[in-house]
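I set out to look up selected helices, backbone features and buried side chains in this structure. The entries below are kept in the order in which I worked.

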Amino acid sequence: MGCFFTNLALAKSLSINVYLKLKPENHVNNLIKEFNQYLAQQGLLTIFQIKPYLPHHPLHITLYLTDYNSQQIPAIIKKAQALAKQQKPIVFSTGKFVPSQSGYVMLTVAHNKTIQELSNKTLYELAHLHDPQATIPAWAVHDSGRQALFHQYGSPSVLNYFKPHFSIFFAEHLNKKQSTLLYQQLQKLIYQFTQSHKTQVTGYGTAIGVGLADAQGQIIKELAIFSLEP
């Protein structure tokens, strides 16, 4: 671990995701696994060369994701631990699978006041540590509301723009024509999937995690996990 943090110290700025983590065995994981298997059986993943995030990245709900100087990691971890000590496990419900025309698919989470409040607390505890030189994501550039949030907090997806969800995959390698075709196919397949599968399942957030994230916000290295107080 010491060597790992030494290597991190060489990096100027890192994307760090502070997230709500589920217990190992859970209904959400099973639902997403079944959905991915269905898409695979229909040939969609092969045709469009798509690799779903599960099981290659930890299942999570992002609470606050932004860039930090690597020297801030110990402080981020300490604050995440303090937040976990103040929070009881969270019960929530999933909503539906939603595709976008850009090639992104997510499983929504029904509005949950407790998750929203935890995201806000995480934001207020960590925002002052974020890297002010971070670059706004391309998808948020043309939204003035998201721009304002990004300039203040380093994230375009907080406060009123916070929408808890689980990312399924992002086919960013496709061109516009391919993405449109994928979107059309997904609309049909998601409808078919919901005819035989219930997408509203109960989930339990049992820990707060701190992880190194890639450009899509997926966890590529879990740095710390803190169980929520029972």
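The entries that follow concern a predicted model.

**Entry 1. Helix α6**

I began with helix α6, which spans residues 144–153, and asked which of its residues are buried. I found Arg 146, Leu 149, Phe 150 and Tyr 153. Viewed down the axis of α6, these buried residues fall within an arc of 100°, so they line one face of the helix. I then turned to the face directed away from the buried side, where Ser 144, His 151 and Gln 152 are exposed.

Next I looked up what the buried residues of α6 pack against. Their partners are β2 (60–68) and α5 (113–126).

I also inspected both ends of the helix. At the N-terminal end of α6, Asp 143 acts as the cap, with a side-chain oxygen 2.9 Å from the backbone nitrogen of Gly 145. After α6 comes Gly 154, and I noted its positive phi, near 80°.

**Entry 2. The α4 and α5 pair**

I then examined how helix α4 (residues 73–85) packs with α5. The angle is about 145°, and the axes are 10 Å apart. I recorded the crossing of α4 past α5 as right-handed.

Which residues meet in this pair? From α4 I listed Ile 76, Lys 79 and Leu 83, and from α5 Lys 121, Thr 122, Glu 125 and Leu 126. Sorted by character, the residues of this contact comprise three nonpolar, one polar and three charged.

**Entry 3. Backbone features in the loops**

I kept one general point in mind here: most residues other than glycine have a negative phi, and most peptide bonds are trans.

I looked first at the loop between α3 (44–47) and β2, where Pro 55 lies. The peptide bond that joins Leu 54 and Pro 55 is cis, with omega about 10°. Gln 49 has its place in the loop between α3 and β2 as well. I noted that Gln 49 is not a glycine and yet has a positive phi of about 55°. Is Gln 49 buried or exposed? Its relative accessibility is 64%, so I entered Gln 49 as exposed.

I then went to the loop between α6 and β5 (165–170), which holds Leu 159. Leu 159 is likewise not a glycine, and I read a positive phi of about 55° for it.

**Entry 4. Ile 190**

I selected Ile 190 in helix α7 (residues 176–196). With a relative accessibility of 9%, Ile 190 counts as buried. Leaving aside residues up to four places away in sequence, I found that Ile 190 touches Phe 35, Phe 97 and Pro 99. Phe 35 and Ile 190 are 155 residues apart along the chain, and I noted 8.5 Å between their C-alpha atoms.

**Entry 5. His 60**

I closed with His 60, a residue of strand β2. His 60 is buried, its relative accessible area being 7%. What does the side chain of His 60 reach at 3.0 Å? I found the backbone oxygen of Pro 58. I also recorded a polar contact of 3.3 Å between the side chains of His 60 and Thr 62.

For the wider surroundings I again set aside residues up to four places away in sequence. The residues that His 60 then touches are Asn 17, Tyr 19, Leu 20, His 165, Phe 166, Gly 217, Gln 218 and Ile 219.

Definitions and conventions. Residues numbered from 1 in each chain as written. Predicted model: local features only at pLDDT ≥ 70, side-chain atom pairs only at ≥ 80, totals over all residues. Heavy atoms only, no water. Buried < 20%, exposed > 50% of the residue type's maximum accessible area, 1.4 Å probe, protein only. Helix = DSSP H or I, 4+ residues; strand = E, 2+ residues; numbered from the N terminus. Arc of directions from axis to C-beta. Contact = heavy atoms within 4.5 Å. Polar contact = N/O pair within 3.5 Å; in protein donor to acceptor, adjacent residues only side chain to side chain. Axes fitted to C-alpha atoms, helices over the stretch in contact; angles between N-to-C directions. Left-handed = near helix turned anticlockwise from the far one by under 90°. Nonpolar A, V, L, I, M, F, W, Y, C, P; charged D, E, K, R; others polar.
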